[in-house]
Amino acid sequence: MDNSKLKDRMSGKVQELQPPVEVVEAVADTSLAPVSSAYLALTNNALDTIRANLKSQPLTLDLFDIVKSPSGGSTVFEVPGLAGNEAAMELTGIILDYTTPRAYWDTPDPVEGTPPVCLSQNSIISHDGKACAHCPYNDFGSKDGESNAKACKESVLLFLLRPNSIIPLLVRVPVTSKPRFLKYSTRLLSTLTPISSVVTKITLEKATSKQGKPYALFNFQTVGTLTSEEAAQAKAFGQQFMEIVNAAQMVPELAEAS
């Protein structure tokens, strides 16, 4: 037999015995990027920048952008931006901290920006050292005698850190949604999860009061979890940032009429 033909036949047999080569297509990595990579405050010397820009001036509340509950039952937030207010269906970020202020005005419809007669930063002790629980203006129905509302206005003020900003956005949660926020924070607490270690999404839903007036209810949902390193960074940044905020003695401004 021709040697060349024999080699061809043997080569064919060897190829038949070899397992087929598996072709693996390159697949793009679709895993989520680390949360901190998107948060400027956690990846840069944000606190040094803040201190340098403030030049020893207090970081007062009027320097922050603030989002309030929309009127008329609207489910769209109005978020201050460089070109004016921008519409947003949701707010997403890390809640660095929050306060539970309350305030009382001696007029039913105070002008926006009017300082209150009495206020509290934590809804427990007033600015003059009195217990809020024993105050008659904390009673249901004390506002006007017709509704079940309290004369002393409660709210929750969130310091929401967004990805592309080193200054948190202030989100004022009205008293109607305060129980929802406290329930959300308690659920996190039940699993020993600090509120600053998760990414929270805030949305709105339309509701109607007993008097037939539409208003917006806040919803809170965890949409991401920080790694242990990211959570430590967020905690450290939040604590140091709030030290700067508290040093500005913002208590009176936290409860301006709105």
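1. Let me start with a single side chain. R51 counts as partly exposed because its relative accessibility is 40%, a value that falls between the 20% and 50% cut-offs. Please keep in mind as you read on that this is a predicted model.

2. What does R51 meet in a salt bridge? Its partner is the side chain of D48, with 3.9 Å from N to O. That pair makes the list because the cut-off for a salt bridge is 4 Å. Both D48 and R51 belong to helix α3, which covers residues 46–54, and they sit three residues apart, or about one turn of the helix.

3. How many salt bridges does the count come to? The count comes to six. Another of them brings together the side chains of K150 and E154, at 3.1 Å from N to O. Is E154 buried or exposed? E154 is buried, because its relative accessible area is 11% and the limit for that class is under 20%.

4. A further salt bridge is worth finding in your viewer: R180 with E205, whose closest N and O atoms are 3.0 Å apart. This pair links distant parts of the chain, since R180 lies in helix α4 (residues 178–190) and E205 in strand β9 (residues 198–208), with their positions 25 residues apart in numbering. Both ends are partly exposed: R180 has a relative accessibility of 31%, and E205 has a relative accessible area of 30%. Elsewhere, R102, K150, E154 and K178 are joined into one network by salt bridges that share partners.

5. Strand β9, the home of E205, is also a good place to look at strand pairing. On one side of the story is strand β4 (residues 91–99), which runs antiparallel to β9 and is joined to it by three bridges. Within this pairing, T200 of β9 has G93 opposite it.

6. Strand β9 pairs with strand β10 (residues 214–225) as well, again in the antiparallel sense, and here there are 11 bridges. Two positions help you to line the strands up: K201 has Q221 of β10 as its bridge partner, and V199 stands opposite G224 of β10. The two strands form a hairpin with five residues between them, where G212 takes a positive phi near 85°.

7. Now for the pockets. How much space lies in the largest pocket? It holds about 1800 Å³. The lining of the largest pocket consists of 42 residues, and those nearest its centre are K143, A149, K153, V175 and T176.

8. Which strand gives the largest share of that lining? Strand β7 does, with four residues. At least two residues of the lining come from each of β5 (102–104), β7 (152–161), β8 (169–174) and β10. Strand β10 therefore appears twice in this note, as a contributor to the pocket lining and as a partner of β9.

9. A last point on the chemistry of the largest pocket: sorted by class, its lining has 17 nonpolar, 14 polar and 11 charged residues. If you are browsing the model, K143 and K153 are among the residues nearest the pocket centre, while K150 belongs to the salt-bridge network with R102, E154 and K178.

How values were computed. Residues numbered from 1 in each chain as written. Predicted model: local features only at pLDDT ≥ 70, side-chain atom pairs only at ≥ 80, totals over all residues. Heavy atoms only, no water. Buried < 20%, exposed > 50% of the residue type's maximum accessible area, 1.4 Å probe, protein only. 1 Å grid on protein atoms, 1.4 Å probe; cavity = no way out; pocket = protein on both sides within 12 Å on 5 of 7 lines; lining within 4 Å. Points joined across faces, edges and corners; volume = space filled by probe spheres on them. Nonpolar A, V, L, I, M, F, W, Y, C, P; charged D, E, K, R; others polar.
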